[in-house]
Amino acid sequence: MNANDIISDLEDIVDCKKIRTGESLNALNPGMTEKNLDAGIVVSPETVAEVAKVVKFCKARGIQIIPQGGRTGISGAAESSPGQLIIQSSALDQIINLDFVAGTAIVESGVTLQQLQDAIEPYGFGVGIDLAARGTATIGGMVSTNAGGTEAFRYGVTRHRVLGLEAVLADGEIFSDMKEVTKANEGYDIKQLLIGAEGTLGIITKVVLNLVPLDKNRFTALLSCENAVSAAAVFQSLRNDSRATLLCAEIMWPDYANTTARALGMENLLDFAHSEKDVFVIIDISCAENKAGVDVLEEVLSELLSRESITSALIAQNQREATDFWKIREESFLCDKAYPHGFWYDMSVPLSHLDDYTTALYETIASIDSELKVFLFGHLGDGNLHLTVTSGIEAPQLESQINAAVYEGLNDIGGSFSAEHGIGNQKRDSLQKYTNSQKMKIMKSVKNILDPQGIMNPGKIFQPEEGPEFMAALR
Ligand SMILES: Cc1cc2nc3c(=O)[nH]c(=O)nc-3n(C[C@H](O)[C@H](O)[C@H](O)COP(=O)(O)OP(=O)(O)OC[C@H]3O[C@@H](n4cnc5c(N)ncnc54)[C@H](O)[C@@H]3O)c2cc1C
């Protein structure tokens, strides 16, 4: 079925203004990859009933559906192809209810993280998940990818913030479990299957979130540490320090920090480090209203210096300086711009193994090719590392060796090859390789039960050819 046939049939069930194709589609931002919009047709329903109608329409015709939110996902999970239909959540953009007694928010899935943050911050609440793509990433996308971000060591990942959820399943039926309470043991928790499913089991339309207290009196510092052992020890020390609350702790190895700072024209900022081999840690803390945060930070950091846990430190004196510090951490794509064609990774390592793991990683990658650059940074508190390995030119012949250097042994130390960005279509092979076969079997059974035709985001998480019965029957 071509796009024109889909459009004329779709116009019978949704207002044509909600369908974008041709020029109106070209006006859309494709997000992380041009391939996101390759289907050539996007429909943006305004209600759950409309989503259900569109899904039923697709089911009847065997049209494959690609759910999309803000298209900021990093693992290719929102990519589409001609013949498929993109159902985007952009018109499901209502904040339905904010309950500041219960500390909950009910939102439609197309609400962006920033939109929700702006609505709740004046009332002293936060979302408990924060990430640099906050202006564009949607709550539905964050639930579907089980997004992590900078606050995960305090509040968990997105699945830990979700109390209730509504979704349209692959058969067009509406699944609703809109609980507003933390405790609800009512048999299998089916909504948890949809969280992190990357749009392969249904389209999320509404979410109930458990909010957290807003972080106030934020103070930022950039620290240098001799190695990752010290960085992990500093993290635990700050976490347990009753004088201040540790809000964020992000780690950057020197190649990453220097390359990003240089691209930002801020290389001098990192001159405070004691040695060029030092790793950098950016922290945010808060402390009680009546205490001068900078004084507390100075006191805490002086103690860490005298114990030689850190080699040096720089305290942001104002918001502009704090923003500059954070830019080095958040503008991570500048490394990819300076050294393109990299292999991208997102893994989790228990903090007690952080130094052994990263030291071995650097050595193994250097032994593969001494020209390879390693850009490493991440969320220190939960051991989530982001990594780009590149020589600046395309080198597909090195991929399997680099994959092995990054992934082998992670399961043995209790880590994960896929921390927070999901599987999409980029990590399907690794999922197959590094996941227990029993778990894969159960996952495929779940997919078959909830999406027997295989129309929901095919080719993501699973190889297209190992998909559900319907796809198997087509071969
Ligand atoms: C600068 C930058 C920083 C980032 N930092 C982080 C970070 O710190 N932590 C982190 O975890 N991620 C991070 N990300 C990745 C990204 O922001 C998250 O994965 C985010 O959750 C994606 O949301 P989205 O609305 O853009 O989803 P999309 O990219 O549109 O979609 C992502 C996946 O979710 C599915 N999906 C989207 N909406 C729905 C829906 N309503 N129902 C069902 N499925 C749906 C799609 O099919 C796809 O599989 C970052 C990205 C960028 C660009």
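## A helix pair and a four-stranded sheet

Helix α9 (residues 228-239) packs against helix α14 (residues 354-368) at an angle of about 150°, and their axes lie 8 Å apart. Angles over 145 degrees count as roughly antiparallel. That makes α9 roughly antiparallel to α14. The crossing of α9 past α14 is right-handed. Which residues make the contact? From α9 come A228, V229 and A232; from α14 come L354, D355 and T358. The residues of this contact divide into 4 nonpolar, 1 polar and 1 charged. This model is predicted.

### The sheet

Now to the strands. The model has an open sheet of 4 strands, in the order β1-β2-β4-β3. The pairing is mixed. Strands of a sheet pair through backbone hydrogen bonds, either parallel or antiparallel. Which strands stand at the edges? They are β1 (19-21) and β3. Each has a single partner strand, so one side of each is left without a neighbour in the sheet. From one strand to the next, the twist averages 25°.

### Strand β4 and its partners

Strand β4 covers residues 85-88. β4 pairs with β2 (residues 41-43) and with β3 (residues 65-68). The table sets out both pairings.

| Strand pair | Sense | Bridges |
|---|---|---|
| β2 and β4 | parallel | 2 bridges |
| β3 and β4 | parallel | 4 bridges |

Single residues can be matched across these pairs. On the β2 side, V43 stands opposite I87 in β4. On the β3 side, I65 faces L85 in β4. Next to I65 in the chain, I66 stands opposite I86 in β4.

Which way do the residues of β4 point? L85 and I87 point one way, while I86 and Q88 point the other way. In a regular strand the side chains alternate between the two faces of the sheet. Are the four residues of β4 buried or exposed? All are buried, Q88 included.

### A helix across the strands

The sheet also has a helix lying across some of its strands. Helix α3 (residues 48-61) lies across β2, β3 and β4. α3 runs at about 165° to β4.

### In brief

Two pictures are worth finding in the structure. One is the α9 and α14 pair, with axes 8 Å apart. The other is the open sheet, where β4 stands between β2 and β3 in the strand order.

Definitions and conventions:
Residues are numbered from 1 along each chain as its sequence is written. This is a predicted model: local features need pLDDT of at least 70, side-chain atom pairs count only at pLDDT 80 or more; totals for chains, interfaces and linings use all residues. A residue is buried if 20 or more other C-beta atoms lie within 10 Å of its own, exposed if 12 or fewer, and partly exposed in between; C-beta atoms are placed from the backbone. Two strands pair if DSSP finds at least two bridges between them. Axes are lines fitted to C-alpha atoms, for helices over the stretch in contact, and angles run from 0 to 180 degrees between N-to-C directions. Angles under 35 degrees count as roughly parallel, over 145 as roughly antiparallel, 65 to 115 as roughly perpendicular and the rest as oblique. A crossing is left-handed if the near helix is turned anticlockwise from the far one by less than a right angle, and right-handed if clockwise. Two residues are in contact if their C-beta atoms, placed from the backbone, lie within 7 Å. Ala, Val, Leu, Ile, Met, Phe, Trp, Tyr, Cys and Pro count as nonpolar, Asp, Glu, Lys and Arg as charged, and the others, Gly among them, as polar.
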